[in-house]
Amino acid sequence: MNWVIKVHIVFIGIVGLAAIYSVWRAAYHTNRLVNKENNMTTTAKKSRELADTTVGAIVARQPATARVFEKYRIDYCCQGQKTLRAACEEKGLDVVSLTNELAVSHQRADDSPRWEERPLSELCDHIERRHHDYLREELPRLAELIDKVIRAHGQTQPDLLLLRNHFRALRDELEPHMLKEEHVLFPAIRQLEASRTPHRFPFGSVSNPIRCMIDEHEHAGEELRHLHELTNGFQPPPGACPTWRVMLESLARLERDMHEHVHKENSILFPRAVALEGEIRASDPGHAGRVVK
Ligand SMILES: [Fe+2]
Ligand SMILES: [Fe+2]
């Protein structure tokens, strides 16, 4: 074979390889574009679904998102039945940016139990230990702190007297409220879950005390809003003494804890208890079709 033929063979080989590479490259890029478009469509769909989900349900599924709602002062406890879209419209926020922020917060490590999946009795125990015990310790401590600040600054700061009135109203609402939950509602929920049989409670359906508890949460929420506004979001004024600062920090913590507490009850425990009672009654031939009030 002379050199001219050899050169032709090498040339044809190179052209062939180049053609194969071009075809592979075009296919690779097309595939990437299709995947990218699919991902964008899925992300946009997820974003739309999230915007139409209630804020209470978002926090119930992904507890870490509560921080984002706190940051924008979106009430996910007493107003947890609002959709994310409605909450954003109310606050003048861009729903797309907020869904992105929620997605990032959810990706961060979160070891909170998924209360939507845990037994109801475990959730009742948790609420009593984590939130009721905290309030029993914190409410008297805060009452003393507020009195102390008023003794020192009450004469020149009339808002402190208003603050004490709202705090007292909050305490008067919460202390008997916790007793009703611990002695009436939570035992009924535990009983329903343990026996899985219909019960004749003195108050009828569990929905009745639950409605009452939700109303009381609303009242407590109003008092907390007054405390927030009176203190400009728990910001210490210039020259505030250390006790005043501690009082404001403690009130801010109380507000955060109350949001978490009411969210667990309004958006997780109560709807699950009502659903459980409905299932039990539906599966019982003696109760099926009968409306219990
Ligand atoms: Fe509670
Ligand atoms: Fe409650």
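Helix H6 has a kink of about 30° centred on Glu128; the bend at a residue is the angle between axes fitted to the seven residues ending there and the seven starting there. Helices here are DSSP runs of H or I with at least four residues, strands are runs of E with at least two, and both are numbered from the N terminus. Keep in mind that this is a predicted model, where local features need pLDDT of at least 70 and side-chain atom pairs count only at pLDDT 80 or more, while totals for chains, interfaces and linings use all residues. Residues are numbered from 1 along each chain as its sequence is written, and chains are lettered from A and ligands numbered from 1 in the order in which they are written.

**The overall layout**

The chain has nine helices and zero strands, so the pattern along the sequence is simply α-α-α-α-α-α-α-α-α. Of its 293 residues, 24% are buried. Buried means that 20 or more other C-beta atoms lie within 10 Å of the residue's own, exposed means 12 or fewer, and partly exposed is in between, with C-beta atoms placed from the backbone. Two residues are in contact when those backbone-placed C-beta atoms lie within 7 Å. Among contacts with a separation of 6 or more, 77% join residues 24 or more positions apart.

**Three helices and their spans**

The table sets the end-to-end C-alpha distance of H6, H8 and H9 beside the expected span, which is 1.5 Å times one less than the number of residues.

| Helix | Length | First to last C-alpha | Expected span |
|---|---|---|---|
| H6 (120-153) | 34 residues | 46 Å | 50 Å |
| H8 | 24 residues | 35 Å | 34 Å |
| H9 (242-283) | 42 residues | 60 Å | 62 Å |

H9 has a kink too: about 35° at Leu269, shortly before the proline Pro271.

On H6, the buried residues are Leu123, Cys124, Ile127, Leu135, Leu142, Ile146 and Val149. Their cover includes helix H7 (159-195) and H9. Arg136 is also in H6, but this one is partly exposed because 13 other C-beta atoms lie within 10 Å. Its C-alpha is 9.4 Å from that of Met178, 42 residues away along the chain.

H8 buries Pro209, Ile210, Met213, His217, Ala220, Glu223, Leu224 and Leu227, and these residues pack against H7 and H9. An α-helix has 3.6 residues a turn, so residues three or four places apart point the same way.

**The core between the domains**

A nonpolar core is a set of buried Ala, Val, Leu, Ile, Met, Phe, Trp, Tyr and Cys residues joined through C-beta atoms within 7 Å. The largest one here holds 53 residues, and the members touching the most others are Val55, Val59, Phe69, Tyr76, Leu84, Ile189 and Ala273. Helices giving two or more residues to this core are H2 (55-61), H3 (66-71), H4 (84-91), H5 (95-107), H6, H7, H8 (207-230) and H9. Domain 1 (54-112) and domain 2 (120-283) both contribute, so the core lies between them; the domain bounds come from an automatic or database domain assignment.

Val59 gives a close-up. Leaving out residues up to four places away in sequence, Val59 touches Thr65, Ala66, Phe69, Tyr76, His263 and Ser267.

**Two residues on H5**

His106 sits in helix H5 and is partly exposed, with 15 other C-beta atoms within 10 Å. Again not counting residues up to four places away in sequence, His106 touches Gln62, Ala64 and Thr65. Its C-alpha is 5.7 Å from that of Ala64, although the two are 42 residues apart in sequence.

Ser97 is in H5 as well, and counts as exposed because just 10 other C-beta atoms lie within 10 Å. The C-alpha atoms of Ser97 and Ser47 are 9.8 Å apart, with their positions 50 residues apart along the chain.

**The loop between H8 and H9**

Just after H8, Asn232 takes a positive phi of about 55°. Asn232 lies in the loop between H8 and H9 and is exposed, with 11 other C-beta atoms within 10 Å. Phe234, in the loop between H8 and H9, has a positive phi of about 65° although it is not a glycine. Phe234 counts as partly exposed because it has 18 C-beta neighbours inside 10 Å.
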